[in-house]
Amino acid sequence: MISSRRSPMGDFTHKMKATTEIPPARMFNAFVSEAEFIIPNFYVSKAILAIQNVELIEGDGGPGSIKKITFGEGSQVKYVKQKIEAIDGKSFSVNYSLIEGESLMSNLEKISYDIKFIAASDGGSIAT
């Protein structure tokens, strides 16, 4: 995964690669296509819900759509809004930007993510 951000001090880019046993199509569906239904079930622990809600507030889930992600109790950030810039279900890739969020956006102009799920040799995925 690559995250880039522009701040008063300039641009910052962070690259990350993650692997999983889950195939690319299922990862893409879970984190992109069906995020509203799947992600709110993630827990930090048995008592703490990591993400309370993912809501599509504008658009149809394609480019230009805006989602609001509300985090669970105890999170330093209560919510963020992300705008989908590009999405490709055939190549399992998505580009989105965080456009709003408490405390997060007060110091940053924009945070963008480019994520692609590719097949790993063991049948799982590599997220880049």
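What percentage of the 128 residues of the protein count as buried?

The share is 33%. The structure is a predicted model. The exercises below work through it.

**Exercise 1. Lay out the fold.**

Task: State how many helices and strands the protein has, and give their pattern along the sequence.

Solution.
- Step 1. Count the elements: there are 2 helices and 9 strands.
- Step 2. Read along the sequence: the pattern is β-β-β-α-α-β-β-β-β-β-β.
- Step 3. Turn to the surface. The protein exposes about 8,100 Å². Carbon and sulfur atoms supply 52% of that area.
- Step 4. Look at contacts with a separation of 6 or more. Residues 24 or more positions apart account for 33% of them.

**Exercise 2. Find the core.**

Task: Name the residues that touch the most other members of the largest nonpolar core, then trace the contacts of F117.

Solution.
- Step 1. The largest nonpolar core has 19 residues. V94 and F117 touch the most other members.
- Step 2. List the elements that give two or more residues to this core: α1, β4 (51–58), β6, β7 and β8.
- Step 3. Set aside the neighbours of F117 within four places in sequence. F117 is then in contact with P24, M27, F28, F31, S91, F92, I126 and A127.

**Exercise 3. Classify the aromatic pairs.**

Task: Find the aromatic pairs and decide whether each is stacked or tilted.

Solution.
- Step 1. Count them: the structure holds 2 aromatic pairs.
- Step 2. Take F28 and F92. Their ring centres are 5.9 Å apart. Their planes stand at 55 degrees, so this pair is tilted.
- Step 3. Place both residues. F28 is in helix α1 (residues 24–33), and F92 is in the loop between β6 (79–88) and β7 (93–101). They are 64 residues apart, so the pair links distant parts of the chain.
- Step 4. Check their accessibility. F28 has 4% relative accessibility and counts as buried. F92 has a relative accessible area of 22% and is partly exposed.
- Step 5. Now take Y96 and Y113. Their ring centres lie 5.0 Å apart. The planes are at 20 degrees, so the pair is stacked.
- Step 6. Place these two. Y96 is in strand β7 and Y113 in strand β8 (residues 110–119). They are 17 residues apart, and the pair links distant parts of the chain.
- Step 7. Apply the cut-off: buried means under 20% relative accessible area. Y96, at 16%, counts as buried. Y113, at 22%, counts as partly exposed.
- Step 8. Go back to F92 for its backbone. Its phi is near 55 degrees, a positive value in a residue other than glycine.

**Exercise 4. Track the charges.**

Task: Find the salt bridge, and say which ring the charged end of K68 sits over.

Solution.
- Step 1. Start with the principle. Side chains of opposite charge can pair when their charged atoms come close.
- Step 2. Search the whole structure: there is 1 salt bridge.
- Step 3. Name the partners. The side chains of E100 and K81 meet at 3.7 Å, N to O.
- Step 4. Place them. E100 lies in strand β7 and K81 in strand β6, so the bridge ties together parts that are 19 residues apart in sequence.
- Step 5. Check E100. Its relative accessible area is 30%, so E100 is partly exposed.
- Step 6. Turn to K68. Its charged end sits over the ring of Y79, 4.9 Å from the ring centre.

**Exercise 5. Follow three residues.**

Task: For V54, A30 and G123, say where each is found and whether each is buried or partly exposed.

Solution.
- Step 1. V54 is found in strand β4. It is buried, with a relative accessible area of 6%.
- Step 2. Pair V54 with E36. They are 18 residues apart in sequence, and their C-alpha atoms are 4.6 Å apart in space.
- Step 3. A30 lies in helix α1. It is buried, with a relative accessible area of 13%.
- Step 4. Leave out residues up to four places away in sequence. A30 then touches A35, I38 and I39.
- Step 5. G123 is found in the loop between β8 and β9 (125–127). At 40% relative accessibility, it counts as partly exposed.
- Step 6. Compare G123 with I22. They are 101 residues apart along the chain, yet 7.4 Å separates their C-alpha atoms.
- Step 7. Leave out the neighbours of G123 within four places in sequence. G123 is in contact with E21, I22 and P23.

Methods: Residues are numbered from 1 along each chain as its sequence is written. This is a predicted model: local features need pLDDT of at least 70, side-chain atom pairs count only at pLDDT 80 or more; totals for chains, interfaces and linings use all residues. Side-chain values use heavy atoms; hydrogens and water are left out. Rings of Phe, Tyr and Trp (its six-membered ring) pair if their centres lie within 6.5 Å; planes under 30 degrees apart count as stacked, over 60 as edge-to-face and the rest as tilted. Helices (H or I, at least four residues) and strands (E, at least two) are DSSP runs, numbered from the N terminus. Buried means under 20% relative accessible area, exposed over 50%, partly exposed in between (1.4 Å probe, protein chains only). A charge sits over a ring if NZ of Lys or CZ of Arg is within 6 Å of the ring centre and within 35 degrees of the ring normal. A salt bridge is a side-chain nitrogen of Lys or Arg within 4 Å of a carboxyl oxygen of Asp or Glu. Contact means heavy atoms within 4.5 Å. Accessible areas come from the Shrake-Rupley method with a 1.4 Å probe; for residues, only the protein chains shown count as cover. A nonpolar core is a set of buried Ala, Val, Leu, Ile, Met, Phe, Trp, Tyr and Cys residues joined through side-chain atoms within 4.5 Å.
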